Structure formats: C-alpha cells, structure tokens
Amino acid sequence: MRKIEFSELKLKKNYSEEDFYNVYLQSSEPSYKKNNLIEEPTKKYEVCLLNILGGKIIAIDKNYIDNPNTDMQELYFDYKISKKIANYLSDIQDGILAEQEEFVELYKEERLEKDTLIKELQLQDNSLFEEQQNEYNILINSSLYSEYQKLLKENTELKIENKNLLLNEKHKGFFARLADKFRKKKLTISNGE
C-alpha cells in the first residue's frame, strides 16, 4: 500500500483534510454508467494510506491521484471490495496495532481474522476481474465484435452525413425552400393524391 499526500489528490473543491474525510465517509459507491461501447475491464480502485488526520486508509479511484510513482500500489477491480479491504486495514491500523504491547495478544486473533478476510476479498476481486477479462477477450475475438465495429463505423458515418444534410438544408435560401415546396406539391398533385 502506498502513501499518498493530501496535496496529490485531484479534488474539484478545496477541502480541508477533515472535510474531505467526512465527505469520503459519507459518499456512496460510484455509479456505473453502462454504455453501448465495449470497454476492457481495468483495476482502477486503489487502497492507499492518505496522509491526513494522522493517516487514513481509503479506497479511491486511481485517476483522482496525481502521483506517478506506482511502487506498492494496490489496485482492485470492484469498488465495494476495495472499500471493505480499506475498512479492514483501517480497523487493524486504528484499533488493533495502536494498542499497547500488553493488548497485542488480546487482539492477535482479531488481526489474523481480518488478515484472512482481506485475503479472501483480494481473491474475490481477482476472480471478478478475471471473469470480466475473459468475457471481454471472448467478445473481442469473435466475429460478432468485428460486425459490431463495422456497424459503429457506419453509424458514425451516417450521423456525419445526416448532420451535413441538415446544415445544407439550413443554409438554403428562402426562395430555394419555397421552390422545393412547390415541386413537392406539384409531384403529389400529378401522382393523383
């Protein structure tokens, strides 16, 4: 787990350390926007030690961190799992390891239990990621995907052509549009409608 300074976060608002941590604790999980595009799954949630208020372990989207050093970076695929891992690590750091030496034996079992839970969650996250990666690879290597790409390209070209036609229609002069209306009217009359 890497240590991140508060100044390395890309924040939309200016928060104090305390305000940021309160907003983080109250925030819900990110909403997933399912779009029509096929995207390769990535591990983008990082569990890190944020250097605020004496050090807090959090799970955050790696895109919100401005630190090029990726040594000891812990990334996860699923936000819920990364948040649970961050909470367990935080429990270990804040509650168990902070106790005096005499209490270490009392908390030894709890620490081992949380370590086991963290390992299980890491395996679960890896399993989810591999499952998504396999689905993506199967889809990408299928003929269906190449047909899908052709349709996307055709759709884009049609949108551009439609936009150009609409622009041409808009730029036609008043008299040209009036003449088009008379021609259409004449065609409908001559067809017997």
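Student: Are the two faces of strand β3 buried or exposed?
Tutor: Lys 56, Ile 58 and Ile 60 lie on one side of β3, with Ile 57, Ala 59 and Asp 61 on the other. Buried means under 20% relative accessible area, exposed over 50%, partly exposed in between (1.4 Å probe, protein chains only). Strands (E, at least two residues) and helices (H or I, at least four) are DSSP runs, numbered from the N terminus. Both faces of β3 are buried.

Student: What is this model, and how are residues numbered?
Tutor: This is a predicted model: local features need pLDDT of at least 70, side-chain atom pairs count only at pLDDT 80 or more, and totals for chains, interfaces and linings use all residues. Side-chain values use heavy atoms, leaving out hydrogens and water, and residues are numbered along each chain as its sequence is written, from 1.

Student: How many bridges join β2 to β3?
Tutor: Strand β2 covers residues 45-51 and runs antiparallel to β3. Two strands pair if DSSP finds at least two bridges between them. Leu 49 has Ile 57 of β3 as its bridge partner. The number of bridges joining β2 to β3 is 6.

Student: Which residue in the turn of the β2 and β3 hairpin has a positive phi?
Tutor: The hairpin leaves 4 residues between its strands. The phi in question is about 50 degrees, and the residue is Leu 53.

Student: Which element gives the most to the largest nonpolar core?
Tutor: A nonpolar core is a set of buried Ala, Val, Leu, Ile, Met, Phe, Trp, Tyr and Cys residues joined through side-chain atoms within 4.5 Å. The largest has 25 residues, with Ile 58 among those with the most contacts inside it. Each of α1 (17-26), β2, β3, α2 (79-96) and α3 (101-140) supplies at least two of its residues. The top contributor, with 6 residues, is α2.

Student: Which residue forms a salt bridge with Arg 2?
Tutor: A salt bridge is a side-chain nitrogen of Lys or Arg within 4 Å of a carboxyl oxygen of Asp or Glu. Arg 2 sits in the segment before β1 (3-5) and its partner in strand β2, so the pair ties together parts 44 residues apart in sequence. The closest N and O atoms are 2.5 Å apart, and the partner is Glu 46.

Student: Why does Asp 61 count as buried?
Tutor: Asp 61 of β3 meets Lys 44 in a salt bridge (3.8 Å, N to O). Lys 44 counts as partly exposed because its relative accessibility is 29%. Asp 61 counts as buried because its relative accessibility is 12%.
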